[in-house]
Amino acid sequence: MDTYQILDIESQHTSGVYAKQPLAFERGQGATLWDSEGNEYLDCSSGHGVANLGHAHPKVAAAIAEQAGTLITLFETFPNDKRAALMAKMTTLVPGLDRVFFCNSGTESVEAALKFARLSTGRTNVVATMRGFHGRTFGALSATHNKKYRAGFEPLVPGFSHVPYNNIGALEKAITDETAAVILEPVQGEGGVYPADGLCTTEGYLQAARELCSARGALLIVDEVQTGFGRTGKMFAIEHSGVIPDLLCVAKSLAGGLPRGAVLIGGAVKNLVPGAHGSTFGGNPLACAAALAALEVIETENLPGQAAEKGAYLMEKIRAIQSPVVREVRGMGLMIGIELKQKVTPYVKALQERRIIALNAGMTVLRLLPPLVITYEQLDRLARALDEVLNLSVEE
Ligand code: PLP
């Protein structure tokens with residue numbers, strides 16, 4: 001099938017909730033995608049931050065193939081060798097987070113964390129942040145701030161409030177003795193790539209949130225769905241600050257591209273008894289085997305270190321670009337946002353015409369989330385294309 005046939009079928013039968021691009025991809029390797037005509041594209045989106053290991057990593061592919069021929073599904077009440085190994089591994093990643101709940105996506109991990117917070121504290125309210133994005137199921141959507149995602153779905157879950165991100169005073173005022181949890185991202189992704197103030201220090205926004213939660217009996221939920229697994233230059237972005245949350249939400253690249261989310265759980269979280277929550281597919285051995293392989297690759301190939309070095313290299317090149325439309329360049333590791341003085345869509349399109357796939361974050365931020373295995377030659381190609389595109393006079 002050629003691109004037009006594929007697009008035609010998808011356009012006819014889609015639910016309608018996606019704006020289809022006029023491109024169809026059939027194959028990927030590392031940071032490269034090939035379309036149905038065999039054209040090569042540089043992927044700087046990683047399927048919305050999933051492909052940290054690159055596309056079709058051979059070790060993940062082999063682990064999936066082997067496990068697919070062994071055992072694909074098993075409900076979590078029955079223990080399994082791959083799941084046990086993954087639980088043992090994941091609970092070594094953050095000191096003190098020594099239990100894990102498995103699910104299938106980012107929004108499900110947030111949903112679980114919110115339910116655990118209510119169950120644990122007996123309180124109902126949640127403090128979230130402006131510009132924050134946590135997913136599209138009702139609980140996660142209630143924690144999400146942007147009207148664009150919420151419109152048409154209200155009334156949402158009661159008890160949620162939103163405070164300005166990076167404003168410690170506002171957080172202090174918002175947390176009461178009814179607050180079950182504070183939920184925040186260490187670097188806001190969809191909201192425009194905004195790192196927490198003082199993220200790489202021991203006296204920043206995250207520490208303040210941690211201290212306020214501990215002092216007032218609320219739990220701290222950190223959403224690392226987009227920042228986790230090396231993206232910001234550490235395994236988790238919280239490592240930049242040393243803050244340990246009570247509940248850590250992860251998903252995206254955890255299983256190297258297969259659907260898999262998880263919540264890592266600390267000692268302060270109570271009342272998680274049989275039947276309190278669950279997921280049919282959550283602990284399936286197939287995704288467990290893929291995640292075990294992915295974590296091994298992340299460690300052996302030092303993907304967090306690669307993200308730190310390549311991110312610094314790319315950031316320097318982007319900051320050197322002289323462009324009348326760039327307002328600010330922000331980010332950490334290979335999570336970079338270029339805020340423009342005008343709408344970003346034409347620039348994403350112009351990059352696409354140069355066979356580079358990038359993302360937006362809101363109306364004015366160009367977001368780059370390339371696979372962490374992207375090569376320096378590919379980074380140079382991206383920087384050259386950005387220089388060209390950010391100096392075009394485009395129609396808004
Ligand atoms: N939380 C954050 C920080 C995210 O960036 C996302 C998705 O982009 C989600 C939650 C929701 O993840 P999913 O789309 O897997 O449900």
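The exercises below work through the domains, the ligand surroundings and two backbone features of a predicted model.

Residues are numbered from 1 along each chain as its sequence is written, and side-chain values use heavy atoms, with hydrogens and water left out. Because the model is predicted, local features need pLDDT of at least 70 and side-chain atom pairs count only at pLDDT 80 or more, whereas totals for chains, interfaces and linings use all residues.

**Exercise 1. Describe how the chain is divided into domains and how many residues each domain brings to the contact.**

Step 1. Domain 1 covers 3-56 + 302-389 and domain 2 covers 71-300, with bounds that come from an automatic or database domain assignment. Taken over C-alpha atoms, the centres of domain 1 and domain 2 are separated by 25 Å.

Step 2. With contact meaning heavy atoms within 4.5 Å, domain 1 contributes 28 residues and domain 2 contributes 29 residues.

Step 3. The buried area, which is the accessible area (1.4 Å probe) that two parts lose on being put together, summed over both, is about 2200 Å² between domain 1 and domain 2, and carbon and sulfur atoms give 61% of it. L53, M332 and M335 supply 31% of the area that domain 1 buries against domain 2, which is more than any other three residues.

**Exercise 2. Identify the salt bridge across the interface of domain 1 and domain 2, and state which element gives the most residues to the domain 1 side.**

Step 1. The rule (a side-chain nitrogen of Lys or Arg within 4 Å of a carboxyl oxygen of Asp or Glu) finds 1 salt bridge across this interface. R367 forms a salt bridge with E190, and their closest N and O atoms are 2.9 Å apart.

Step 2. On the side of domain 1 that touches domain 2, at least two residues each come from elements including α11 (303-319) and β17 (365-368), where helices (H or I, at least four residues) and strands (E, at least two) are DSSP runs numbered from the N terminus. The most, 5 residues, come from α11.

**Exercise 3. List residues that surround the ligand, and give the distance from D223 to a ligand nitrogen atom.**

Step 1. Counting residues with a heavy atom within 4 Å, the surroundings include F133, H134, E185, E190 and K252.

Step 2. A nitrogen atom of the ligand has a polar side-chain atom of D223 at 2.7 Å. A ligand oxygen atom is 2.8 Å from a polar backbone atom of G106.

**Exercise 4. Locate the cis peptide bond and the positive phi.**

Step 1. Most residues other than glycine have a negative phi, and most peptide bonds are trans.

Step 2. The bond from E154 to P155 is cis, with omega near 5°, and P155 is in the loop between α7 (147-150) and β6 (160-163).

Step 3. S46, which is not a glycine, has a positive phi of about 55° and lies in helix α2.

Conventions: Polar contact = N/O pair within 3.5 Å; in protein donor to acceptor, adjacent residues only side chain to side chain.
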